Structures are given as structure tokens and as C-alpha cells.
Amino acid sequence: MHMQLSTPGTLRRVGTRSIAAILIAGSITGAISANAEPVAPAPTYMVSMALEADGEKSIPRVLAKAGEQFAVASGNWRVEMTVRPGETLTDVWVSSKIFKDSTLISTPTLAAHVNEKAVIKVGDGSDAFSLATTVSPQP
């Protein structure tokens, strides 16, 4: 009896298919056994402001999701803000960029208590800028 050896091409195809089948089976097993936790939606905040700039006053309110940037403007002044949860449920971080015309004036970050006023003041006299902010969590 005489047996023929497989050709190298046949061995290569069988080996490749076997490796592919093992990788697919491993991926499926990993996906099934993974314990993925549901992702909590980002908190939403009502940001109430009292803005005084160049002698003008405005009272904007913005509904903002945590981590999403928003902006308010008055005259030549513009504020870009981002609110993020703090260390506790009663704290938030308020990051701001304050611009006059197109010039960046200040980049304050405040640790504030929810439902309590936090104030930012820049400059003095007739060229002063003041922003009082109250952040309230929304259901």
C-alpha cells in the first residue's frame, strides 16, 4: 500500500481554516461571557446665570448635559462653559473660558455646590465682567 503525502497548499488551507475557526469561537465565547454594565446617561443640569458685562445685564438659563460645552454672550463678552459632576452628588465642576471680542481673558474652573451661587469676576470699573452661576441637577 502506498500513501500520498498532502501537498503544502492543502495543509496551508486546512491550517488557516482551523485557526480562523478557533478565533471565531473564542470571539463568540468572549462576547457571551462578558458582563457589560449598562452605561448611565450623562446627568443634565439647569445652569442659571446673572451676567453683567459693559454695563449690561442679562439672565440666561441653559439646560446642559454633563461634559457638553455651551456658550452665552453679552455685548463684546462671551463665556464658553462645561459642567461636570463633582466628587459628591452635591458638587459640580464648572469650567469656563471667558472671551472679550476674540481675546481669551480667563479660564476659571470652579468647584461649586449644586443649587448654590458661584461667582466669577474679571476686571473692574466700566470694563468689568461678572457671572453668577447656579447649577441645579435635573431629573
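A residue is called buried when its relative accessible area is under 20%, exposed when that figure is over 50%, and partly exposed in between. I start there because Val 47, at 0% relative accessibility, counts as buried by that rule. Please keep in mind throughout that what we are looking at is a predicted model.

Let me first give the overall layout. The protein has 1 helix and 10 strands, and if you read along the sequence, the helix comes before the strands, in the pattern α-β-β-β-β-β-β-β-β-β-β. Of the 139 residues in the protein, buried ones make up 27%. As for contacts between residues at least 6 apart in sequence, 30% of them join residues that are at least 24 apart.

Now back to Val 47, which you will find in strand 1. If we leave aside its neighbours within four places in sequence, Val 47 is in contact with Pro 60, Arg 61, Val 62, Phe 70, Val 83, Thr 133, Thr 134 and Val 135. The C-alpha atoms of Val 47 and Asn 115 are separated by 9.5 Å, although these two residues are 68 apart along the chain.

That brings me to the core. In soluble globular proteins, nonpolar side chains tend to be buried together. Here the largest nonpolar core has 25 residues, and the ones with the most contacts inside it are Met 49, Phe 70, Val 92, Phe 129 and Leu 131. Several strands, namely strands 1, 3, 4, 5, 6, 9 and 10, each supply at least two residues of this core, and the largest share, 5 residues, comes from strand 1. To take one of those well-connected residues, Phe 129 touches Leu 51, Glu 52, Ala 53, Trp 77, Val 79, Ile 98, Ile 120, Lys 121 and Val 122, again not counting residues up to four places away in sequence.

Next, a pair of residues that carry charged side chains by class, Arg 78 and Glu 80. Glu 80 lies in strand 5, which covers residues 77-85, and Arg 78 has its place in strand 5 as well. Are they buried or partly exposed? Glu 80 has 18% relative accessibility, and therefore counts as buried, whereas Arg 78 has 28%, so it counts as partly exposed. The side chains of Arg 78 and Glu 80 are joined by a polar contact of 3.0 Å.

Beyond residues up to four places away in sequence, Glu 80 touches Gln 69, Phe 70, Ala 71, Ser 95, Ser 96, Lys 97 and Phe 99. With the neighbours within four places set aside in the other case too, the contacts of Arg 78 are Val 72, Ala 73, Lys 97, Ile 98, Phe 99 and Asp 101. From Arg 78 to Thr 103 the distance is 9.8 Å, C-alpha to C-alpha, with their positions 25 residues apart in sequence.

Finally, how many cavities of 30 Å³ or more does a search of the whole structure find? The search finds 1, and about 40 Å³ of space lies in the largest cavity. Its lining includes Val 92, Leu 110, His 113, Glu 116 and Thr 133, and the elements giving two or more residues to that lining are strand 6, strand 8 and strand 10. Sorted by class, the lining has 6 nonpolar, 3 polar and 1 charged residues. Val 92 is thus a residue to look for twice, since this valine lines the largest cavity and is also among the core residues with the most contacts.

Definitions and conventions. Residues are numbered from 1 along each chain as its sequence is written. This is a predicted model: local features need pLDDT of at least 70, side-chain atom pairs count only at pLDDT 80 or more; totals for chains, interfaces and linings use all residues. Side-chain values use heavy atoms; hydrogens and water are left out. On a 1 Å grid over the protein atoms alone, a cavity is a set of points where a 1.4 Å probe fits but cannot get out, and a pocket is an open set with protein on both sides within 12 Å along at least five of seven lines; lining residues have an atom within 4 Å of a point. Grid points are joined across faces, edges and corners, and a volume is the space filled by probe spheres set on the points. Helices (H or I, at least four residues) and strands (E, at least two) are DSSP runs, numbered from the N terminus. Buried means under 20% relative accessible area, exposed over 50%, partly exposed in between (1.4 Å probe, protein chains only). Contact means heavy atoms within 4.5 Å. A nonpolar core is a set of buried Ala, Val, Leu, Ile, Met, Phe, Trp, Tyr and Cys residues joined through side-chain atoms within 4.5 Å. A polar contact is a pair of N or O atoms within 3.5 Å; within protein, one must be able to donate a hydrogen and the other to accept it, and residues adjacent in sequence count only if both atoms are side-chain atoms.
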